[in-house]
Amino acid sequence: MDNLDYGIIGNCRSAALISKTGSLDWCCLPNFDSSSVFAKILDEQKGGSFEILVSDDYKVSQKYIHKTNILVTEFNNGTDIFESIDFMPRYQNEDGSYHNPADIIRYIKLIAGKPTFRVKYNPKLEYAKEETYSKKTENYIKSITNKDKYDTLYLYSDLDLEGILSGEKITLTDHAYFLISYHEKILEQTLEHCYLKLQRTRVYWLNWSEKTTTYAKYNDEILRSALVLKLLSYEKSGAVLAAATTSLPETIGEVRNWDYRFCWIRDASMVIKVISDLGHKNVAQRFLRFIIDIIPDKDEKIQIMYGINGEKDLTEKTLDHLSGYKNSSPVRIGNAAFHQKQNDIYGILMNVIYQQFVKFECTVDDNESLWTISKSIVHIVNVNWEKPDKGIWEFRTEERHFTFSKLLCWVAIDRAIKIGELINKKGKNKRWKALRDRIYNDIYENAWNEEVQAYTQSYGSSDLDASTLLMESYGFIDAKDPRFISTVKATEKELCNDGLLYRYKNKDDFGLPSSSFTICSFWFINSLFKIGEEEKAKKLFDQLLSYSNHLGLFSEDIDFKTKRLLGNFPQAYSHLALIETAVNFSEMGVNEKCS
């Protein structure tokens, strides 16, 4: 495929990508950050897949069951029709806990005639580093690798297991099922049980969607993006992933390939703000619990990112045996950016903590923990805000005084002051307000480039950066301020290409950027809307929405010329910005709900 024409299914434990032709090309089990069991997306020959193969006379189409994360791929030759209904089980148990096993179910639904197809079942465990052997037993197909590391996978089905392994033609005379599990099942697996799991999972997603705030305009796009963000939340810890994949390149053939199956404090905090605005306070509160658990109360060693279970060591390695997406190597696991110092994360985090105090009730213990973290962050910002850092875009070599980092340091102090006022802890206000004013004046004087007539990427620079467009939304500057209007105009002139934005155009560690960063295009559209150019903004928004894949999903980047999706997929950053932008163009519906 020339585009990321995949649907995502998941259950807040792991996720899988299924192509528009019904091929399961990416999945890590048992968890998001585990080794892959299918990775054709990263190497068409070695990666492994689970494909449903039909003759050329079949037309294949794909859609989600409305308001769910259940994916339906239809195979139709005019006479013979069947569907593969793909999902990962997720529903509530009687005790209130959630059932979300490391399972994928492909429920094969006969619609008409006697369809025929073949199955290519070819799992490759442990990132396909060693040979995976699959064999039939009495009740299942067991796949195993044990040369370097022992791992197993189980396939259950009511179709002929030998025929599945050998790729024989299957004639469908009734509904059928495939169940892939990381664990051997204790109970007997049947078609009826799979159907029950399908219906219970459908009810779960419908209930979740029903609790999402509705809007008069772009409601379908908002809801699909919200469902993606929910899928990227990890039930066990409350962490939120940046994306479900690793090493999908920002540009085909280049080396900007990163592992995004981790929790960036910045990305996750922005997601939580958006998802809580849509009424889902449980997701927000679980993330706050994750933060409370991983951040030392009175220690400044806050990383920019963590593993989904709070892991601190995310050492980066390359998998040189895999060719990469469209031969774009290297394939990386782990992410060296966890070492980096990025001062903007403090403001991002403080903004979410402030939202928590404003919107949701907390226990006294949680409030005390969050207040301790808030005071600790103020201390860290006071010590570090005048120092250079790597910035929001994670430059791997040079450190600079990035405008966005300074802005978020200002946000950190501003929100800490407001939290203190909310809980009647105003004793530090005088000192904190003085610090806030110092940072504000520093940005006002040093980030502004008089010649360019814009706030620029870093102090003393003439380079423009899309992140400066967020200065208004964080409350640093008014949308009608001549400086902000001028910054938006200058950014458009320098970074906009046919309605799509570069993050920046100056050379970084890997050369000159050559693709559009999707979230930046949404930021730009928001900024146009804020400065009064609503008609132009809406036109660009509709144009940008048309660049999604066939299911309305976005990755990290978009190619300027071909408009193909690039980068890790689906990208939380892109979908949270889509929601924020869509809400600007929408009227609040009458059915506001909370969960």
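**Exercise 1. The largest pocket**

Work out how much space lies in the largest pocket of this predicted model, and which residues line it.

*Solution.* Start with the volume: the largest pocket holds about 590 Å³ of space. Next, look at the lining, which is made up of 25 residues. Lys-273, Val-274, Ser-473, Asn-526 and Glu-580 are the ones nearest the centre of the pocket. Then ask which helices contribute. At least two lining residues come from each of α4 (265-277), α6 (344-359), α11 (518-530) and α13 (572-584). Finally, sort the lining of the largest pocket by class: 13 residues are nonpolar, six are polar and six are charged.

**Exercise 2. Enclosed spaces**

Count the cavities of 30 Å³ or more, then describe the second largest cavity.

*Solution.* A useful reminder comes before the count: rolling a probe the size of a water molecule over the atoms shows where empty space is left. Here the count comes to five cavities of 30 Å³ or more. The second largest cavity has a volume of about 50 Å³. Now go through its lining, where you will find Glu-250, Thr-251, Arg-256, Arg-503, Pro-513, Ser-514, Ser-515, Phe-517 and Asp-557. Sorted by class, the lining of the second largest cavity gives two nonpolar, three polar and four charged residues.

**Exercise 3. A lysine without a partner**

Locate Lys-142 and look for a salt-bridge partner.

*Solution.* First find Lys-142 in strand β14, which covers residues 141-145. Now check its surroundings: Lys-142 is buried. Next, search for a side chain of opposite charge; the nearest one, Glu-184, is 6.3 Å away. A salt bridge requires the nitrogen and oxygen to be within 4 Å, and Lys-142 has none. What does Lys-142 touch instead, leaving aside neighbours within four places in sequence? Its contacts are Tyr-133, Ser-134, Lys-135, Tyr-150, Thr-152, Leu-153 and Tyr-154.

**Exercise 4. Salt bridges**

Count the salt bridges, then trace the pairs made by Glu-51, Arg-261 and Arg-266.

*Solution.* The count comes to 25 salt bridges. Begin with Glu-51, which pairs with Lys-40 at 3.2 Å between the closest N and O atoms. Glu-51 sits in strand β5 (residues 49-53) and Lys-40 in the loop between β4 and β5, so this pair ties together parts 11 residues apart in sequence. Glu-51 counts as buried because its relative accessibility is 10%, and the cut-off is under 20%.

Move on to Arg-261, whose side chain meets that of Asp-259 in a salt bridge of 2.9 Å, N to O. Both partners are buried: Arg-261 is at 2% relative accessibility, and Asp-259 is at 0%.

Now take Arg-266, which forms a salt bridge with Asp-344; their closest N and O atoms are 2.6 Å apart. This pair links distant parts of the chain, with Arg-266 in helix α4 and Asp-344 in helix α6, 78 residues apart. Arg-266 counts as buried at 2%, and Asp-344 is buried at 0%.

To finish, look for a network: salt bridges link Asp-414, Arg-415, Lys-418 and Arg-436.

**Exercise 5. A buried alanine in α4**

Find out what surrounds Ala-268.

*Solution.* Ala-268 is placed in helix α4. With a relative accessible area of 0%, Ala-268 is buried. Setting aside residues up to four places away in sequence, Ala-268 touches Val-240, Cys-263 and Phe-287. Now measure across the sequence: Leu-576 is 308 residues from Ala-268 along the chain, yet their C-alpha atoms are separated by 9.9 Å.

**Exercise 6. Unusual backbone angles**

Inspect the peptide bonds before Pro-30 and Pro-570, then the phi angles of Asn-327 and Gln-453.

*Solution.* Keep the general pattern in mind: most residues other than glycine have a negative phi, and most peptide bonds are trans.

- The bond from Leu-29 to Pro-30 is cis, with omega near 10°; Pro-30 is in the loop between β3 (24-28) and β4 (36-38).
- Phe-569 and Pro-570 are also joined by a cis bond, with omega about -25°; Pro-570 is in the loop between β28 (565-566) and α13.
- Asn-327 has a positive phi near 60°, lies in the loop between β20 (317-318) and β21 (332-333), and is exposed at 60% relative accessibility.
- Gln-453 has a positive phi of about 60°, lies in the loop between β22 (448-449) and β23 (454-455), and is partly exposed at 31% relative accessibility.

Technical notes:
Residues numbered from 1 in each chain as written. Predicted model: local features only at pLDDT ≥ 70, side-chain atom pairs only at ≥ 80, totals over all residues. Heavy atoms only, no water. Helix = DSSP H or I, 4+ residues; strand = E, 2+ residues; numbered from the N terminus. Buried < 20%, exposed > 50% of the residue type's maximum accessible area, 1.4 Å probe, protein only. Lys, Arg positive; Asp, Glu negative; His and termini not counted. Contact = heavy atoms within 4.5 Å. 1 Å grid on protein atoms, 1.4 Å probe; cavity = no way out; pocket = protein on both sides within 12 Å on 5 of 7 lines; lining within 4 Å. Points joined across faces, edges and corners; volume = space filled by probe spheres on them. Nonpolar A, V, L, I, M, F, W, Y, C, P; charged D, E, K, R; others polar.
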